[in-house]
Amino acid sequence: MKKKEVSFTESIIILLLLLIILGVAVIKFGLSPEVPVLFTVLLMTFWAKLRGWSWADVQDGIKEGIEVAIIPIFIFILIGALIGVWIQAGIIPSIMVLGFHLISGSFFIPSVFVVCSIVGVAIGSGFTTISTVGIALFGIGASMNANPALVAGAIISGAVFGDKMSPLSDSTNLSSAVAESELFAHIKNMMWSTIPSWIVSFILFWILGNSGQIDASKIEHTSQVLQSHFVISWWAIVPILLMLVCAWKKIPAIPTLFINIAATIIMIFIEKPHTSVSTLNNLIMNGFVAKTSNSSVNTLLTRGGISSMMATVALIISTLSLGGMLMKFKVVQHAMDPLVRHLHKPASLITVTIFSGIAINLFVGEQYLSVILPGRAFKPAYDKMGLAPLALSRVLEDGGSVINYLIPWGVAGSFAAATLGVPVLQFLPFAFFSLFSPVFSILSAITGIGLKRINK
């Protein structure tokens, strides 16, 4: 059968159908996203065959989709191992005990947001912030009977802010490169939408954090349990400092994680010289299993290991397989093309660019593609309209990378949910920074405040 060019109408119908299937399955019926995503891959496969594409074309689309996530998937595996050894070495329990002494119950939620924001900027990785300091802060919140979804929202909001504003961040460098803007000028220009989003988020976390839901009475008991079952010491900060040094030296994520895992294993052997190789292997593979007298602590600290990341890896592979097919058969491209041709005002152009990034996050589930595709599609329109590359690079961040944390089948969203143990749809209403970033970006476009134009 002869292959025909996919029309705009057909592209829109396909995308809407896929979105309805995923939305109804995950939101309406509360299903885990893996099976609905696989079902959409099945539908796309049959559609491709009916349109004349070969099995080889389908497989190429799947391979091309997965290819972009090979490095993130490997990073997830290393983070799973890191979490297990960090708990065994007492690093996360030590951070929790320190946090109990430094953070008051009434100021806890906004403190979580501020701490994760600072750590995120220093490290340049939202994933690492969530999976290290984030887990410790989540444990403190659980000990205070804080709303898990609210704590997760504060952790993720701070981590996303840090990732967005750090010159060490992959997504920040990518947005700058795609739009052809200078990196530090890009970070400075993002403040027009980022600072208002951060301030509004902080105010909301302050209000919700003082709603009387937090019970600080359990803190002392939890602290005693941690001190009696883990090695709580000052040198637990060494791996954290090591991670900051690696970030400062601009060492990539994979060697940074390997270095940190190796350093933590050395700590484990110093603290417990009789630890066997098989025990260490089980810890890295299956994670840490807490066996304290406190069931809440056991639930909090029984986590980590390579196996804990496999469900997330399966979801990422399935989602990116679907995204690869949509790209291979140019469904996404043909849905975007008419929009590009009919935009003549800066406000409408920026608004459509942001919603395109959100749509690609929904359909493809990959934050890098949500930056790359709108960037390539809309850049000529920005140039033609006299808007500077800085205008485009900021919009790509506000509608692209920060939104991926809000998508249940997205790479970042599924990772955060698996790491903190809170489903995306539960923490989504409290991920204020990700929710407000596109809003303030659109307001900047409408008012013209902070909107950079080409100097002629």
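## Helix α8 and its cap

At the N-terminal end of α8, N147 acts as a cap, with a side-chain oxygen lying 3.1 Å from the backbone nitrogen of A149. The model described here is a predicted one, and the values in this report are to be read with that in mind. Helix α8 itself covers residues 148–165, which makes 18 residues, and reaches 26 Å from its first C-alpha to its last, close to the 26 Å expected at 1.5 Å a residue. Of these 18 residues, 17 are buried, and the helix is accordingly described as mostly covered.

The loop between α7 and α8 is where N145 is placed. N145 has a phi near 65°, a positive value in a residue other than glycine. Most residues other than glycine have a negative phi. With a relative accessible area of 39%, N145 is partly exposed, because buried residues are those under 20% and exposed residues those over 50%.

## I140 in helix α7

On the other side of that loop in sequence, helix α7 spans residues 126–143 and contains I140. I140 is buried, its relative accessible area being 0%. When residues up to four places away in sequence are not counted, I140 touches I95, M96, G99, F100 and F108. The C-alpha atoms of I140 and V151 are 9.5 Å apart in space, while the two residues are 11 residues apart in sequence.

## Helix α10: a buried residue and a nonpolar patch

Helix α10 comprises residues 183–209, and T194 is found in it. T194 has a relative accessible area of 0% and is therefore buried. Leaving aside neighbours within four places in sequence, T194 is in contact with F161, K164, M165 and F433.

I195 is also found in helix α10, but at 35% relative accessibility I195 counts as partly exposed. I195 belongs to a nonpolar patch on the surface, formed by M191, I195, I199, I203, W206 and I207, which together have about 550 Å² of accessible area. As background to the spacing of such positions, an α-helix has 3.6 residues a turn, so residues three or four places apart point the same way.

In the loop between α9 (170–179) and α10 lies E180. Although E180 is not a glycine, its phi is positive, at about 60°. E180 is exposed, with a relative accessible area of 60%.

## Salt bridges between distant parts of the chain

The count of salt bridges in the model comes to 5, and three of them are described here. In one of them, R51 is paired with E10, the closest N and O atoms being 2.9 Å apart. R51 lies in the loop between α2 (34–50) and α3 (55–67), whereas E10 lies in helix α1 (residues 8–28), so this pair ties together parts that are 41 residues apart in sequence. R51 is buried, with a relative accessible area of 13%.

A further salt bridge joins the side chains of D398 and K164, whose closest N and O atoms are 2.3 Å apart. This pair links distant parts of the chain, since D398 is in helix α20 (residues 389–401) and K164 is in helix α8, 234 residues apart. Both D398 and K164 are buried. K164 is also one of the residues in contact with T194.

## Helix α16 and its link to α3

The side chains of E64 and K328 meet in a salt bridge, at 3.9 Å from N to O. E64 lies in helix α3 and K328 in helix α16, so the pair ties together parts that are 264 residues apart in sequence. Each partner counts as partly exposed: E64 has a relative accessible area of 41%, and K328 has 24% relative accessibility.

Helix α16, made up of residues 310–328, has 19 residues and reaches 26 Å from its first C-alpha to its last, which is close to the 27 Å expected at 1.5 Å a residue. Helix α16 is mostly covered, with 14 of its 19 residues buried. Just after α16, K330 takes a positive phi of about 60°.

Conventions. Residues numbered from 1 in each chain as written. Predicted model: local features only at pLDDT ≥ 70, side-chain atom pairs only at ≥ 80, totals over all residues. Heavy atoms only, no water. Helix = DSSP H or I, 4+ residues; strand = E, 2+ residues; numbered from the N terminus. Buried < 20%, exposed > 50% of the residue type's maximum accessible area, 1.4 Å probe, protein only. Contact = heavy atoms within 4.5 Å. Expected span 1.5 Å × (residues − 1). Polar contact = N/O pair within 3.5 Å; in protein donor to acceptor, adjacent residues only side chain to side chain. Patch = residues over 30% accessible without salt bridge, like charges linked within 9 Å, V, L, I, M, F, W, Y side chains within 5 Å. Areas by Shrake-Rupley, 256 points an atom, 1.4 Å probe, with all protein chains shown as cover. Salt bridge = Lys/Arg side-chain N within 4 Å of Asp/Glu carboxyl O.
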